[in-house]
Amino acid sequence: MTQKIPQLDAVRGIAILLVLIHNTDAFSSLHLEAISTYGWMGVDLFFVLSGFLITGILLEAKQSESYFKNFYARRCLRIWPLYYSVLIFMFLIVPHLHPSDAHDILNDPPPGGLTRYSCRTFL
């Protein structure tokens with residue numbers, strides 16, 4: 001997949017819109033209830049698209065030496081900076097910005113689930 005497929009950007013945009021319509025009430029005036037009901041499919045669409053693109057990258061690089069190691073190294077360099085930035089922001093910066101709310105932010109379970117595995121379990 002050396003060439004970019006612009007149609008996949010359109011599919012990605014549709015997936016984003018589906019998730020936004022499903023998770024926000026901002027589009028309620030547009031009478032999109034039918035789309036909002038099935039908006040969760042946008043996340044599934046992202047997973048399918050990611051699987052397709054990642055498989056293409058792996059198949060293309062299969063002939064090169066240590067392609068699997070290089071693939072994971074690139075993935076880590078792409079994901080880890082954002083991941084650790086969010087962790088630093090949540091656990092170091094937010095408590096200093098709102099010290100009175102820090103206890104509630106770090107100990108309350110997230111809305112919509114994971115009550116068994118709240119931050120309290122890990123701290």
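**Figure 1. A nonpolar patch lies on the surface of this predicted model.** The patch is formed by Ile79, Trp80, Tyr83, Tyr84, Ile88, Phe89, Phe91, Leu92, Ile93 and Leu97, which together have about 1000 Å² of accessible area. Accessible areas come from the Shrake-Rupley method with a 1.4 Å probe, and for residues only the protein chains shown count as cover. Patches are made of residues with over 30% relative accessible area and no salt bridge; like charges are joined within 9 Å, and nonpolar side chains (Val, Leu, Ile, Met, Phe, Trp, Tyr) within 5 Å. One of the patch residues, isoleucine 93, belongs to helix α4 (residues 67-97). Isoleucine 93 counts as partly exposed because its relative accessibility is 38%; buried means under 20% relative accessible area, exposed over 50%, and partly exposed in between (1.4 Å probe, protein chains only).

**Figure 2. The protein chain is built with six helices and zero strands.** Along the sequence, the pattern of the protein chain is α-α-α-α-α-α. Helices (H or I, at least four residues) and strands (E, at least two) are DSSP runs, numbered from the N terminus. The protein chain has 123 residues, of which 12% count as buried. It exposes about 10000 Å², and 67% of this area is supplied by carbon and sulfur atoms. Among contacts with a separation of 6 or more, 33% join residues 24 or more positions apart; a contact means heavy atoms within 4.5 Å.

**Figure 3. Helix α3 (residues 41-60) has a buried side and an exposed face.** The 20 residues of α3 should span 28 Å at 1.5 Å a residue, and the end C-alpha atoms are 29 Å apart, which agrees. The expected span is 1.5 Å times one less than the number of residues. Gly42, Leu49 and Gly56 are the buried residues of α3. Seen down the helix axis, these buried residues fall within an arc of 55°, so they line one face of α3; the arc is that of the directions from the helix axis to the C-beta atoms. The buried residues of α3 pack against α1 (6-23). On the face turned away from the buried side are the exposed residues Phe47, Val48 and Leu59.

**Figure 4. Leucine 58 of helix α3 touches aromatic residues.** Leaving aside residues up to four places away in sequence, leucine 58 touches Tyr67, Phe68 and Phe71. Leucine 58 and phenylalanine 71 are 13 residues apart in sequence, while their C-alpha atoms are 7.4 Å apart in space.

**Figure 5. Aspartate 9 and arginine 12 form a salt bridge in helix α1.** Side chains of opposite charge can pair when their charged atoms come close. Here the side chains meet at 3.2 Å, N to O; a salt bridge is a side-chain nitrogen of Lys or Arg within 4 Å of a carboxyl oxygen of Asp or Glu. The two residues are three residues apart, about one turn of the helix. A search of the whole structure finds one salt bridge. Aspartate 9 is partly exposed because its relative accessible area is 32%, and arginine 12 also counts as partly exposed, at 32% relative accessibility.

**Figure 6. Serine 66 lies in the loop between α3 and α4.** Although serine 66 is not a glycine, it has a positive phi of about 50°. With a relative accessible area of 36%, serine 66 is partly exposed.

**Notes on the figures.** Residues are numbered from 1 along each chain as its sequence is written, and side-chain values use heavy atoms, with hydrogens and water left out. As this is a predicted model, local features need pLDDT of at least 70 and side-chain atom pairs count only at pLDDT 80 or more, whereas totals for chains, interfaces and linings use all residues.
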